[in-house]
Each structure stands twice: as C-alpha cells, then as structure tokens.
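Dear colleague,

I am handing over the structure below, and I would ask you to look at it before reading my notes on how some of its helices pack.

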Amino acid sequence: MNARSTVDGNQMSAGTWALLALLGLIWGGSFFFARVAVAHVPPFTLVFLRLGLAALALHIYIRGRFGMYEALAGRWREFALMGLINNAIPHAFIFLGQTHIGAGLAAILNATTPVWKVIIANMATEDEKLSSAKIAGCLLGLAGTVVLIGPSAVAGLFGTTSSVPLWALLLPVLAAISYGFAATYGKRFRDLAPPVTAAGQLTASTLIALPVAAFTDTPWLLPMPPVEVILSILGLALVSTAYAYIFFFRIMRAAGATNASLVTLLVPPSAILLGYLFLGETLQAADFAGMVLIALGLAVLDGRILRFRRVA
C-alpha cells in the first residue's frame with residue numbers, strides 16, 4: 001500500500017494519518033490534564049472552566065462568521081440538549097471518576113463510546129441497523145468493559161474491599177453512553193458549519209454547568225490552585241477542547257467521518273503514556289486485557305480490517 005489509503009471513498013494521506021495521531025495525543029492529554037487538575041479543583045468547577053474557556057476561545061475564533069448568532073438564537077433548545085449530553089454530563093462523570101482512577105484507565109473505559117453509539121443508533125434510527133460485524137464488535141467492546149470493571153464489581157458483591165470503587169469505574173462508561181446518544185442526536189446539525197456546532201454546544205453547556213458548579217462547589221471560596229493546575233486547566237480547555245474540535249472537523253472534512261473516528265483507538269495509549277511518564281501511573285494485566293478487547297471491538301466496528309482481508 002502506498003502513502004494513501006482509501007476507505008468509503010475518502011483518502012487518507014500520510015499527512016492526514018499524522019494529524020490523526022496528533023489528535024489522539026491531544027485527546028489523550030485531556031485525561032492527563034484532568035487528572036492533574038481534579039486533585040485541586042472540584043469536578044463541577046473544572047467542568048465549567050473547561051467548557052467556558054473553550055466556548056470563549058471558539059467565539060473569538062469564529063467572530064460571528066458562518067451565521068453563528070442566528071444559529072444560536074434559532075436553535076438554542078437543540079444546542080442545550082446537545083451540550084448537556086455531549087459536554088456537561090460526560091465531562092462531569094469523567095472528572096468525578098478521575099478523583100479515584102488514573103488517566104489511562106479512564107481513557108480506556110471511555111473508548112467504549114463507538115460501541116454504545118452503534119447500539120443506540122440501532123434502536124433510534126432506521127438506517128444504522130446492527131450487522132454481524134457490528135454485533136461482534138459490540139460484544140468484544142462490552143467484554144473488555146466487563147474485564148476492566150469486573151474485579152470491583154465482584155468485590156462489591158461479596159462485601160470485600162477493592163482498590164478502586166465501583167462507581168468510579170462506572171462513571172466513565174456512563175459518560176461513553178452519553179457520548180453515544182450525542183453522536184446520534186448530533187446528526188441534526190449537519191447543515192451547520194462544524195465550528196458553529198462546536199461553539200453552540202459549548203456555549204449551552206457552559207450555561208448549564210455554571211449554576212451546578214456555583215451551588216455544589218462555591219468556587220469563589222476555593223484557594224488559588226498551583227501554577228501547574230492552572231496550566232492544566234488551560235491545556236484542557238484550549239488545547240484538548242477548543243483546538244481539538246477544530247482539528248477533528250478538519251480531519252473529518254479531509255478524510256470523512258469513518259476515518260476520523262479512528263482517533264478513538266489512539267486516545268487510550270496516549271493517555272496511558274502521559275500518565276506513566278508524568279504521573280507515575282501503572283496499569284494491571286486486567287487493564288491491558290480490557291484495552292486489547294475494546295481495541296479489537298473498535299477495529300471490527302470500523303470494518304477496514306475485514307475489507308483489507310477481502311481485498312488481499
């Protein structure tokens with residue numbers, strides 16, 4: 001195969017593959033930044049800061065272009081629901097879970113998002129029904145999730161203690177389910193410029209997160225966090241959210257949604273590497289086994305391995 005590959009009519013050049021790898025590192029970095037920040041900033045306040053700063057950055061980037069303000073005024077209800085299920089809820093669940101689990105494990109559990117998206121789309125739409133390959137991919141992904149969560153669940157059933165509370169493991173999975181609903185609901189925004197969709201949902205989710213953070217955390221009473229935490233918050237909001245959205249849509253325009261979705265496979269290794277290098281995190285054998293099963297499931301869902309085998 002040469003430097004370009006074709007999937008569903010969209011070509012992946014060597015440059016696009018490099019951009020995809022960089023995006024995987026950026027989104028893997030979001031779990032790293034969150035793990036650093038959540039040790040000093042309450043989860044709901046961290047959600048508000050991430051969404052608010054990212055929304056502000058995108059508004060500055062767009063500067064009213066693409067019919068931005070007309071879209072916000074006319075479709076604020078749709079943006080509110082999208083912001084709730086694609087930003088506010090999943091970010092809060094991930095940050096709460098990361099008060100007890102590392103960046104790598106949170107990223108692996110959240111990598112089940114495409115599995116839930118396939119299951120939800122099968123129930124909610126007429127044009128995305130399950131096939132044998134999709135069923136196999138979902139089963140592999142769910143098996144990986146069971147392997148990751150299993151020890152804590154068994155410990156809870158028998159009244160014994162576990163090093164990680166079960167709820168901390170379940171929250172990133174619930175976040176992935178919320179992302180799955182968002183992926184199906186988000187189809188209604190295909191008529192809008194991608195930056196407008198991103199800015200609209202981030203604006204709405206910021207307004208949702210503000211009263212929650214104010215009521216639960218009283219952030220104005222919190223001490224000033226250390227410099228490294230402030231830098232992590234800025235990295236989380238500006239790099240791993242605002243810039244990442246623009247980056248993702250650029251890859252999607254160049255190579256299509258199917259190719260862009262491959263970033264899901266790259267996020268957990270990036271988060272694991274960053275956690276190992278800078279936070280001293282390690283994973284157990286069961287964690288790696290679960291990651292392998294989830295990665296296999298995503299590869300089967302993507303389908304290109306099966307297509308390459310047929311071509312060969």
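Helix 5 and helix 12 are roughly antiparallel to each other, because the angle between them is about 170° and angles over 145 degrees count as roughly antiparallel. This is a predicted model, in which local features need pLDDT (the predictor's confidence in each residue, from 0 to 100) of at least 70, side-chain atom pairs count only at pLDDT 80 or more, and totals for chains, interfaces and linings use all residues. Residues are numbered from 1 along each chain as its sequence is written, and side-chain values use heavy atoms, with hydrogens and water left out.

Helices here are DSSP runs of H or I with at least four residues, numbered from the N terminus, while axes are lines fitted to C-alpha atoms over the stretch in contact, and angles run from 0 to 180 degrees between N-to-C directions. The axes of helix 5 and helix 12 (residues 263-278) lie 7 Å apart, and the contact (heavy atoms within 4.5 Å) joins Ala103, Gly104, Ala107 and Ile108 of helix 5 to Val267, Pro268, Ala271 and Ile272 of helix 12.

Helix 5 (residues 103-110) also packs with helix 8 (residues 166-185), at an angle of about 40° and with the axes 8 Å apart, which makes helix 5 oblique to helix 8, a word used for angles outside the ranges under 35, 65 to 115 and over 145 degrees. On the helix 5 side, this contact is made by Leu105, Ala106, Leu109 and Asn110.

As for confidence, the mean pLDDT of the chain is 83, and 85% of its residues reach 70 or more, whereas over residues 1-9 the pLDDT is below 50.

Best wishes

Methods
Helix = DSSP H or I, 4+ residues; strand = E, 2+ residues; numbered from the N terminus.
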